[in-house]
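Me: I am new to this structure and would like a close look at a single part of it. Please take one helix and the helix packed against it, and go through them slowly.

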Amino acid sequence: MKKRLKTTAASLLVLSLTAGGAGSAFALQGQPAPAPGHAAITAVTEASSSQQHYREYISILASGNLARAVNYLNNHLSKVDSWTASMMALRLENAQNAALGKLQHRYEQSGVQKAIDDAWRAGGSGTYTSLLKHAKGESVRKLLADSRDQGYAVATAEGMFFPVINYPLYENWKSRVTADIQLYVKLMADEVRKPTLRDAGLVIGWGELLQRDLDAERFLLQYRSSNRYKAVSERYEQLKTHLFYGSNNTPLFDYDTKKIDAEALAAYKKAVADAASSSSFTPMLMKVKNFLTVVERNDGNYTDDVKKWLSVQAPTGA
């Protein structure tokens with residue numbers, strides 16, 4: 001029942017245009033179709049504008065200036081169609097993932113960890129406003145400012161501080177991107193705001209853990225053709241493991257008594273009852289319902305019967 005959450009780097013999403021005729025191929029979501037005589041010229045104009053902004057943006061990314069790329073998205077994403085906007089946002093994510101190792105190295109330099117720790121304690125939070133206000137030393141302040149401007153957040157685990165992609169920043173662009181990327185960003189932003197795990201223990205409640213897995217399941221059911229499908233599928237499996245096993249320091253079944261966590265049991269029962277009352281069972285909720293049946297049959301204890309069910313229905317791969 002011991003398994004740590006693995007971090008995965010997201011890959012570039014390649015979206016496909018849905019064919020809809022010359023007049024609709026580049027149409028903006030929510031915009032009325034052009035008059036018959038103006039369909040072709042409207043499409044060309046919108047395509048030309050989007051392509052121009054896209055080329056400018058790619059040139060910025062190629063230069064390695066992430067701060068300028070973030071600023072460009074803030075100022076120009078509203079000027080392109082949703083497909084192009086999604087591509088631009090995800091190209092930023094790719095660039096941030098590629099640059100993460102180099103930035104992390106700066107966090108590992110002598111004195112940096114202690115300086116950030118002191119600033120975090122002095123301000124009581126990890127926001128950039130607080131950290132920059134209390135950080136001592138020009139080099140540390142520059143590191144924090146660079147991280148902020150390049151679209152990273154400062155995270156902490158096991159006494160260490162490190163940069164992560166600031167997905168809540170991406171939510172500023174959610175009205176411009178396609179529906180699958182909106183949901184993808186929500187999944188990732190939730191994790192940044194409140195990590196599922198910290199120091200091998202669950203940080204969030206069992207009910208929230210289940211909801212995050214259901215959100216990932218919704219993505220997988222609704223957006224099967226999205227190339228972001230694989231990344232979300234991996235996250236779904238990670239969350240499912242925690243759902244049925246817990247984590248190293250927050251096991252679902254107590255290591256000594258073998259009894260299921262009472263709060264987890266209550267949260268899972270409530271979710272199943274809510275689904276039953278609204279006739280809204282999903283595959284995951286049905287799995288949780290069946291799991292509860294087995295658990296209750298064993299008086300809430302981790303027995304060979306429960307172990308066998310888990311090995312078949314929720315294998316860990318270990």
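Reply: What follows describes helix H2 and its contact with helix H3, starting from one residue, Val70.

The model is predicted, so local features need pLDDT of at least 70 and side-chain atom pairs count only at pLDDT 80 or more, while totals for chains, interfaces and linings use all residues. Residues are numbered from 1 along each chain as its sequence is written, and side-chain values use heavy atoms, with hydrogens and water left out.

Val70 lies in helix H2, which covers residues 66-76. Helices here are DSSP runs of H or I with at least four residues, strands are runs of E with at least two, and both are numbered from the N terminus. With a relative accessible area of 7%, Val70 is buried; buried means under 20% relative accessible area, exposed means over 50%, and partly exposed lies in between, using a 1.4 Å probe and protein chains only.

Leaving aside residues up to four places away in sequence, Val70 touches Leu92, Asp149, Gln150, Gly151, Leu169 and Trp173. Contact means heavy atoms within 4.5 Å. Val70 can also be placed relative to Tyr170: the two are 100 residues apart in sequence, and their C-alpha atoms are 9.6 Å apart in space.

One of the residues touched by Val70 is Leu92, and Leu92 is in H3. This leads to the pair of helices. Two packed helices are described by the angle between their axes and the distance between the axes. Helix H3 covers residues 82-107, and its axis comes within 11 Å of the axis of H2, crossing at roughly 160°. Axes are lines fitted to C-alpha atoms, for helices over the stretch in contact, and angles run from 0 to 180 degrees between N-to-C directions. H2 and H3 are therefore roughly antiparallel to each other; angles over 145 degrees count as roughly antiparallel, under 35 as roughly parallel, 65 to 115 as roughly perpendicular and the rest as oblique.

From H2, the residues Leu66, Ala69, Val70, Tyr72 and Leu73 meet Met88, Ala89, Leu92, Ala95, Gln96 and Ala99 in H3. By class, this contact of H2 with H3 has ten nonpolar residues, one polar residue and no charged residues. Ala, Val, Leu, Ile, Met, Phe, Trp, Tyr, Cys and Pro count as nonpolar, Asp, Glu, Lys and Arg as charged, and the others, Gly among them, as polar.
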